[in-house]
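User: I have a structure open and would like to go through it piece by piece. Could you take my questions as they come?
Analyst: Gladly; here it is.
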Amino acid sequence: MQTDKKKILDLLYDRPALIGHWVGFKDLTELHNGWLKDFLYSRADQTLLAHRGSYKTSVLSLFLAIHAVIAPNENVLFFRKTDDDVAEVIRQAQKILQSGALGRICFLLYGRPLTLTAASTGEIDTNLHTSFSGASQIVGLGIGTSITGKHADIVVTDDIVNIKDRVSPAERKRTCLQYMELQNIKNRSGRFINTGTPWHKEDAISLMPNVKRYDCYHTGLITPEKLTQLRSTMTDSLFAANYELKHIADEGALFRGPQFTDDENAIYDGLAQVDAAYGGMDFTAFTILKKTADGFVGYGRLWHKHVDDCITEIESDRKRLRAGSLYCETNGDKGYLLKELRSRGIQARGYHENMNKYVKISTHLKKHWAKIKWLSGTDPEYINQILDYTENAAHDDAPDSAASLLREMEGGSRINVLHGGL
């Protein structure tokens, strides 16, 4: 029995990633073993930046589960961008703890089975926990949640910076302030573990200590052929941020520095447009714009769905923001969408598209871009697609929708801001 216990202790210290293999993470390599050992045993604050698809979140869920077994009286506060994001990792850590592998390890170490005494979407506690403190071993929270009165031996952040921080200066500032506030909850002998991918040179990752970077060229996790394919689907700047972990100028990009506003009333009585997708790689894009004294107020949504699956949400947003006519082109689908919208009682207007898309976007949207203030509730993916737009962009549905609506609004007599009817 003692021999088995020593083997398990040696394994936990030298080869913890093997536990990942036992519970189904077959792609973990010696690289991930090093990450996991740092998470488990380093006493210094650390920041791991790794490219998309590097399994860093899988390693983090393994850390949460293994740490709960080997250091059951140290509590961890785990933060992601939102509560829903937290639940994904907490559930994965719970499954690892409930696996036969962790059960066997627990029995060899402690002579008793492992059971979860608390297991919700934001909390994990086990029967190994004997501390008199009231906190569970692992508590997961969205980064914006109140942390008053909370303390932790280990504070973990994972992907608290995301696409919203790329497109919104206000979101970047908010996340930076939230990250700085976390410094107050680390116990005196505690530490930070940060993981993620940078999105902007001034995002919260710029505040994180002891950064180690693992880009797509040095992990060996993505083949050169796959990298070539990935690069072809996005702009240079987006590829650089997500896979090379660096920020470069948006070479060839037409649009930078989006402006935002919280004044929802300013968009009332605007016009709307839908750029429909009917399958494949296309997105359905929806835009509302209202002409103001000094420019435009805008709102946008983007769905990777067939347009039929988006109409209910489109009409809900149109009514909520009190937009008038909803424009759509008729030549791509022979008027199908126009008829479908009108059959649902939506005030829809069709137009025949005969303008080159790049010319339309680089003319009408480019002309007005600096004078558009986007509602803060605009879909970040919508703004991101505009920021990534070039003549050779893989996706152009959002900029096409905005440019089409601006062109219609410049038509003068075709503008209609009535709320009902056809």
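User: Where does tyrosine 55 lie?
Analyst: Tyrosine 55 lies in the loop between E1 and H4, and please keep in mind throughout that this is a predicted model.

User: Is that tyrosine 55 buried, partly exposed or exposed, and why?
Analyst: Tyrosine 55 counts as partly exposed because its relative accessibility is 32%, which falls between the cut-offs of under 20% for buried and over 50% for exposed.

User: What is phi for tyrosine 55?
Analyst: Phi of tyrosine 55 is near 70 degrees, a positive value in a residue other than glycine. As background, most residues other than glycine have a negative phi.

User: Which other residue has a positive phi although it is not a glycine, and where does it lie?
Analyst: Aspartate 159 has a positive phi of about 55 degrees although it is not a glycine, and it lies in the loop between E6 and helix H7, residues 163-167. Aspartate 159 is buried, because its relative accessible area is 15%, under the 20% cut-off.

User: How far is threonine 82 from aspartate 159?
Analyst: Their C-alpha atoms are separated by 9.8 Å, although threonine 82 and aspartate 159 are 77 residues apart along the chain. Threonine 82 is found in the loop between E2 and H5, and with a relative accessible area of 31% it is partly exposed.

User: Switching to the interior, which residues touch the most other members of the largest nonpolar core?
Analyst: That core has 41 residues, and Ile19, Leu62, Phe63, Leu64, Val69, Phe78 and Val156 touch the most other members. Elements that give two or more residues to this core include helix H1 (2-14), helix H4 (56-70), strand E2 (76-80) and strand E6 (152-158). The largest share, 9 residues, comes from H4.

User: What is leucine 62 in contact with?
Analyst: Leaving aside neighbours within four places in sequence, leucine 62 is in contact with Ile19, Gly20, Val23, Phe25, Leu28, Leu36 and Ile96.

User: What lies apart from the largest core?
Analyst: Another core, of 27 residues, lies apart from it, and among its members are Val167, Leu271, Ile361 and Ala403. In general, nonpolar side chains in soluble globular proteins tend to be buried together.

User: Next, the stretch between E7 and E8: is isoleucine 205 buried or exposed, and what does it touch?
Analyst: Isoleucine 205, found in the loop between strand E7 (186-196) and strand E8 (211-214), counts as buried at 9% relative accessibility. Not counting residues up to four places away in sequence, isoleucine 205 touches Leu49, Val161, Thr197 and Pro198. Isoleucine 205 and asparagine 194 are 11 residues apart in sequence and 8.7 Å apart in space, C-alpha to C-alpha.

User: And glutamate 202, what does that touch?
Analyst: Glutamate 202 is also in the loop between E7 and E8, and it touches Arg172 and Cys176, again not counting residues up to four places away in sequence. Coming back to tyrosine 55, the C-alpha atoms of glutamate 202 and tyrosine 55 are separated by 25 Å, with their positions 147 residues apart along the chain.

User: Where is histidine 352, and is it buried or exposed?
Analyst: Histidine 352 is found in the loop between strand E14 (348-351) and helix H13 (357-368), and at 55% relative accessibility it counts as exposed. Histidine 352 touches Thr330 and Asn331, not counting residues up to four places away in sequence.

User: How do helices H14 and H15 cross?
Analyst: The axes of helix H14 (residues 380-387) and helix H15 (residues 397-409) come within 7 Å and cross at roughly 90 degrees, which means that H14 is roughly perpendicular to H15. The contact is made by Tyr382, Gln385 and Ile386 of H14 together with Asp397, Ala398, Pro399 and Ala402 of H15. By class, this contact has 5 nonpolar, 1 polar and 1 charged residues.

User: Last one: what are the overall numbers for the protein?
Analyst: The secondary structure comes to 15 helices and 15 strands, and buried residues make up 53% of the 422 residues. The C-alpha atoms fill a box of roughly 85 × 45 × 35 Å, taken along the principal axes. The protein exposes about 19100 Å², of which carbon and sulfur atoms supply 50%.

Conventions: Residues are numbered from 1 along each chain as its sequence is written. This is a predicted model: local features need pLDDT of at least 70, side-chain atom pairs count only at pLDDT 80 or more; totals for chains, interfaces and linings use all residues. Side-chain values use heavy atoms; hydrogens and water are left out. Axes are lines fitted to C-alpha atoms, for helices over the stretch in contact, and angles run from 0 to 180 degrees between N-to-C directions. Helices (H or I, at least four residues) and strands (E, at least two) are DSSP runs, numbered from the N terminus. Angles under 35 degrees count as roughly parallel, over 145 as roughly antiparallel, 65 to 115 as roughly perpendicular and the rest as oblique. Contact means heavy atoms within 4.5 Å. Ala, Val, Leu, Ile, Met, Phe, Trp, Tyr, Cys and Pro count as nonpolar, Asp, Glu, Lys and Arg as charged, and the others, Gly among them, as polar. Buried means under 20% relative accessible area, exposed over 50%, partly exposed in between (1.4 Å probe, protein chains only). Accessible areas come from the Shrake-Rupley method with a 1.4 Å probe; for residues, only the protein chains shown count as cover. A nonpolar core is a set of buried Ala, Val, Leu, Ile, Met, Phe, Trp, Tyr and Cys residues joined through side-chain atoms within 4.5 Å.
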